[in-house]
Amino acid sequence: MRNGRGRRGATVLVWIMVLPFAAWAVLRWTGYEPGFRWRQLVAFTPYAAAVAPVALVAALALRRWPAAVVAGAVSVALAAAVLPRAVADGSPGARGPALRVLSANLLYGQVPTKSVMDLLRRTRPDVLTLQELTPQALADLQNAGVDDLFSHKVLHARHGAGGSGIYSRYPLRERRPIAVGFLQARAEVLVPKAPPVEVVSVHPCAPAVPASADCWRDGLAALPGAAPGAGPRILAGDFNATLDHAYLRRLLDTGYRDAADAAGEGLRGTWPNIGRYSRTTPRVTLDHILVDPRVAVHDFTTHTLPRTDHSPVQADLVLPADR
């Protein structure tokens, strides 16, 4: 009798370990996002994928074969969602000019101006997108000589987190910003020997509280999809979403490639860097550079800036040649 109860207890224990991972895999792959908390939790899918094999090992060790089969399938499903990000997937044979894109979230404009300027002088981007650009931060950057590094700009500075901007070494043709939640600057970059490239400084609301969940969803949905019949597009900034969020995957399904994923660097965490979340929250990848399928990705890296919770992201790209 006691042995029977022990066997049943072990079986229940194994299934208790397996079923949460099974539910996670089903929700992740179906794209169903039931409620605000899951939208936050799904960002940590890489960590779930790393831990899921523990349930498989337990099922095998206790010879609970049905549970082992489910745990094995779940482990494979989660690994298939995550591991390709660590493998470079090649690039189209673009033959146009090179373009270095850098994006940084200034966290209410509080990043020291000297640190921003040092990063710009060190990396020498052709295009810079900024999020949480405040009037004071803009004035400080101008006083520090940012206009000497970039000849062209489209700026929408706002108090708080709502401002954004685009700086460029090449001429810009301003387009109407995306005004859903935060203001997301938008412009065409006119690079010689390449077709005009539309660039968006991406920054939808953060799904930090239930009241902002719709704003986050609508901000992502308002971003322009890839348009193979039109000019190339690059979306660069703080998406407040990972590749495990269904809304971002739907945007990718229009034809974009994530530059970090394409370069095999898709598991680099970009948030949180400072504050209370940095002490309690594993790092996730919220900052991205999405590129048109005709744009080649040669390199991707992240940087650090003080007093911001996001890592700046940089991609070295090659544009298609102008016909």
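# A guided tour of the predicted model

Begin by selecting leucine 107, which counts as buried because its relative accessibility is 12%, below the 20% limit used for that word. In this predicted model, leucine 107 sits in the loop between S1 and H5, and it has a positive phi of about 45° although it is not a glycine. A second residue of this kind is glutamate 132, where phi is positive at about 55° although this residue, too, is not a glycine. To find glutamate 132, go to the loop between S2 and helix H6 (135-144); glutamate 132 is buried, with a relative accessible area of 6%.

**The sheet that contains S1 and S2**

Next, colour the six strands that form an open sheet in the order S3-S4-S2-S1-S12-S11, with mixed pairing. At the edges you will find strand S3 (152-156) and S11, each of which has a single partner strand, so one side of each is left without a neighbour in the sheet. If you look along the sheet, the twist from one strand to the next averages 10°.

Now select strand S2 (residues 127-131) together with strand S4 (residues 164-168), which run antiparallel and are joined by five bridges. Within this pair, leucine 130 stands opposite glycine 165 in S4. Then add helix H5 (residues 113-123), which packs on the sheet and touches S1, S2 and S12, its direction making about 165° with that of S1.

Stay with strand S4 and pick out serine 168, which is found there. Is serine 168 buried or exposed? Its relative accessible area is 0%, so serine 168 is buried. A polar atom of the side chain of serine 168 lies 2.8 Å from the backbone oxygen of tyrosine 170. Leaving aside residues up to four places away in sequence, serine 168 touches Asp126, Val127, Phe150, Ser151, His152 and Val189.

At the S11 edge, select threonine 302, whose place is in that strand. Its side chain and that of arginine 268 are joined by a polar contact of 3.1 Å. The contacts of threonine 302, not counting residues up to four places away in sequence, include Thr270, Ser311, Pro312 and Val313.

**The sheet that runs from S5 to S9**

Another set of six strands forms an open sheet, this one in the order S5-S6-S7-S8-S10-S9, and its pairing is mixed. The edge strands here are strand S5 (172-180) and strand S9 (257-258), each pairing on one side only. Select S5 and S6, which pair in the antiparallel sense over seven bridges, and find isoleucine 178, whose bridge partner in S6 is glutamine 184. The hairpin of these two strands has one residue between them, and glycine 181 takes a positive phi near 75° there. Moving on by one strand in the sheet order, S6 and S7 also pair in the antiparallel sense, over four bridges, and valine 189 stands opposite valine 197 in S7.

**The disulfide**

Which two cysteines should you select to see a disulfide? They are cysteine 205 and cysteine 215, whose sulfur atoms are 1.8 Å apart. Cysteine 205 lies in the loop between S7 and helix H8 (213-221) and cysteine 215 in helix H8, so the pair ties together parts that are 10 residues apart in sequence. Cysteine 205 counts as buried at 8% relative accessibility, whereas cysteine 215 is partly exposed, with a relative accessible area of 22%.

**The largest nonpolar core**

In soluble globular proteins, nonpolar side chains tend to be buried together. The largest nonpolar core here has 27 residues, of which Val101, Ile234, Ile289, Leu317 and Leu319 touch the most other members. Among the elements that give two or more residues to this core are strand S1 (98-105), strand S8 (233-238), helix H10 (259-262) and strand S12 (313-318). Centre the view on valine 101 and show its contacts, which include Val127, Ile234, Ala236, Ile289 and Leu317 when residues up to four places away in sequence are not counted.

**Two last stops**

Proline 272 lies in the loop between H10 and H11, and the peptide bond that leads to proline 272 from tryptophan 271 is cis, with omega near 0°. Finally, select arginine 279 in helix H11 (residues 276-280), which is exposed, with a relative accessible area of 67%. The C-alpha atom of arginine 279 is separated by 35 Å from that of arginine 186, which is 93 residues apart from it along the chain.

Technical notes:
Residues are numbered from 1 along each chain as its sequence is written. This is a predicted model: local features need pLDDT of at least 70, side-chain atom pairs count only at pLDDT 80 or more; totals for chains, interfaces and linings use all residues. Side-chain values use heavy atoms; hydrogens and water are left out. Buried means under 20% relative accessible area, exposed over 50%, partly exposed in between (1.4 Å probe, protein chains only). A nonpolar core is a set of buried Ala, Val, Leu, Ile, Met, Phe, Trp, Tyr and Cys residues joined through side-chain atoms within 4.5 Å. Contact means heavy atoms within 4.5 Å. Two strands pair if DSSP finds at least two bridges between them. A disulfide is a pair of cysteine sulfur atoms within 2.5 Å. Axes are lines fitted to C-alpha atoms, for helices over the stretch in contact, and angles run from 0 to 180 degrees between N-to-C directions. A polar contact is a pair of N or O atoms within 3.5 Å; within protein, one must be able to donate a hydrogen and the other to accept it, and residues adjacent in sequence count only if both atoms are side-chain atoms.
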